[in-house]
Every structure is written in C-alpha cells, then in structure tokens.
Amino acid sequence: MDNYQEYLTEQLKIVPIQLEYIFASFITFGVAGQIYTIGREYRKMKNEKVVKYDDIGQVLYRKNGRARNIAIRISRNGEVKVTVPRLCTFQTAENFVFKKHQWIKEKIISLERKKEQKLAWEDGTLISMHQARIYIEKGESDNIDVNQSGSDFQVFLPADFKKESEEDQLSLQHVIAGIGLKEAKVQLPGILKAIAEKNRLSYAKVGVRRMKSRWGSCSPENKVSLNSALIFLSYDLIEYVLLHELVHTIHKNHGKDFWALVLKLMPDAMERRKMLNGCDMIV
Ligand SMILES: [Zn+2]
C-alpha cells in the first residue's frame, strides 16, 4: 500500500521543502530565533531532537539519511514528527515548522474533532459492512451482547451504556472491530482471489488482520496483508486497495510503472484513491 504518509493524507502530509524555504531560513533568522522562546528544547541527540511548543505540543525532529524533503507528519493521536534530511540542519527544519505551525495546529484540532465524532455510536446506529450490517440496539444485560442472523449482526448495548463515556465507546469499538475482523476474514480473501484472476495477477498468500495505519501491504514474497477495517468501506474502495496490493506483486515501489499498471487495470483508480484518503478507519 502507499506508505504511511500517502495513506493518511488527512492526518499526515508531506510538505516538500522548496527553495523559498531554504532561503527563508536565512532571511527569517531573527524570527526563527523566537522558536526557542516559543518552543522549549529538552532532548537532543545526534540524530534526534525534541522541542516542546505551547500550542502544538511536543515535536520530534529526526534525521533521515534517505529523506529528500523535510516532512511533517501528524499521527492519529496528534504526535508531530518531522523528518529532516541528513544535509539539512535542525534549525532549517525548525524554521519550516515555525512557518507551518498554523497548519499543524489546525490539523491537531481537526483530529481532536474526529476523535469526538468517534464517540457517537449509540442505540439506533447502523454500521454497514461489505454485504453485511451491524445494528446497535439497547440491551438489558451488563455486557455487550452480539446476535448474528445471516449477514446481519445485532449488538446490544449494556443497560448502563453511556454514549459520552470514552470507556464505553472503546468497549463497543472493540466488539465492532471483532465483528469486522470475523467478517473480513470470510469475505476479503475471496474478493482478492477474484480480482487477481480477473486481472491475471497472482500472489503467494493472503492474511487479514487489524492494522493501525495501513489498508494493506504486500511483502517481498508476495504475501498480501489486508486490514480488516476494509470491510467497512464501499466495494469500490475495497477493490482499489486489493488491486493496488496485487500490482505490488509486479512492481514493489510506487514508481511510474506501478501507477501505469494500476491505471491500465483500473482507469478510475485515482478517483478511488482520493476517496480512500478521505476515509477514516472506522475501528
Ligand atoms: Zn502501495
């Protein structure tokens, strides 16, 4: 699958360093000096540096020999990491963060908002899976109970369930993820097989499991791993991810040849990819 950055575009964004920023680091040297008054540096090793800012919290700067751009990454839990190319100084990277700090702040706020939205499951919620549904209903016992009939799952909330309680939502999420995993293990391998056959592609093995940051991956030995959360997406997007991984059995990177083959087999792949980037991993 796309690497982490490409994949969570909502949360993560690579901002390529441009010449203007390199120049800016000299021109705005005085401004950059403020970063030390705004941010408090409290750990510095040869390849790593951590600076704490009042508005965006802790930022980890890490040197990376292979990186060509300064990249700011914000993980789902709001951690900010900055990749610093080997030949770039920490100071230049800090200037860059300083210039982008409004953007970082907005991203962190939007992540927090998303987290709040996640606390929204309650009696009456319907969660769609590929060819199956989960209905959340009021229950009377102390536990979350699940009842399956055909492709429908009923999830009964405990009698004392509180929608606003993070703990209650997390337990519910755990149950939903379990149902998703079970369903994904039943459905996804067959879909992968059909897509592979249709496109004359082959893979060694398939595994379905819960993954945190990727929808799928393909190993050098052509073992395809799929995120069980795919089951909560529309079929168009499932198909895109599975085809994407299958094309990796031929092209291991995301080079020109890779995308050319993806587009040959799925002309609207880019539209689907864009939609996928706007999707949240439901559990
Ligand atoms: Zn990929």
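**Figure 1. Contacts of Y240 in the predicted model.** Leaving aside neighbours within four places in sequence, Y240 is in contact with five listed residues: M266, A269, R272, R273 and L276. Y240 itself lies in helix α8, which covers residues 235-247. Y240 and L276 are separated by 36 residues in sequence, and their C-alpha atoms are 8.9 Å apart in space. Y240 counts as buried because 24 other C-beta atoms lie within 10 Å, where 20 or more are required.

**Figure 2. The largest nonpolar core.** This core has 33 residues. The members that touch the most other members are I134, L188, L230, I231, V241 and L243. Two or more residues come from each of β8 (132-137), β10 (152-156), α7 (166-199), β11 (205-209), β13 (223-227) and α8. The largest contribution is that of α8, which gives seven residues. In soluble globular proteins, nonpolar side chains tend to be buried together.

**Figure 3. The surroundings of I134 and a second core.** Not counting residues up to four places away in sequence, I134 touches I127, M129, F153, V155, I176 and I179. A second core, separate from the largest one, is made up of 16 residues. Among them are I56, Y61, I74 and C88.

**Figure 4. The hairpin of β3 and β4.** Strand β3 spans residues 48-53 and strand β4 spans residues 57-64. The two strands run antiparallel and are joined by six bridges. Three residues lie between β3 and β4 in this hairpin. Y53 stands opposite G57 in β4.

**Figure 5. The pairing of β4 with β6.** Strand β4 is also joined to strand β6, which consists of residues 80-85. Here the two strands run parallel, and six bridges link them. In this pairing, K63 stands opposite V84 in β6. Strand β4 thus appears in two views, once with antiparallel β3 and once with parallel β6.

**Figure 6. The chain as a whole, for orientation.** The secondary structure of the chain comprises ten helices and 13 strands. The chain has 283 residues, of which 26% count as buried. Among contacts with a separation of 6 or more, 50% are between residues 24 or more positions apart.

Key
Residues are numbered from 1 along each chain as its sequence is written. This is a predicted model: local features need pLDDT of at least 70, side-chain atom pairs count only at pLDDT 80 or more; totals for chains, interfaces and linings use all residues. Two strands pair if DSSP finds at least two bridges between them. Helices (H or I, at least four residues) and strands (E, at least two) are DSSP runs, numbered from the N terminus. A residue is buried if 20 or more other C-beta atoms lie within 10 Å of its own, exposed if 12 or fewer, and partly exposed in between; C-beta atoms are placed from the backbone. Two residues are in contact if their C-beta atoms, placed from the backbone, lie within 7 Å. A nonpolar core is a set of buried Ala, Val, Leu, Ile, Met, Phe, Trp, Tyr and Cys residues joined through C-beta atoms within 7 Å.
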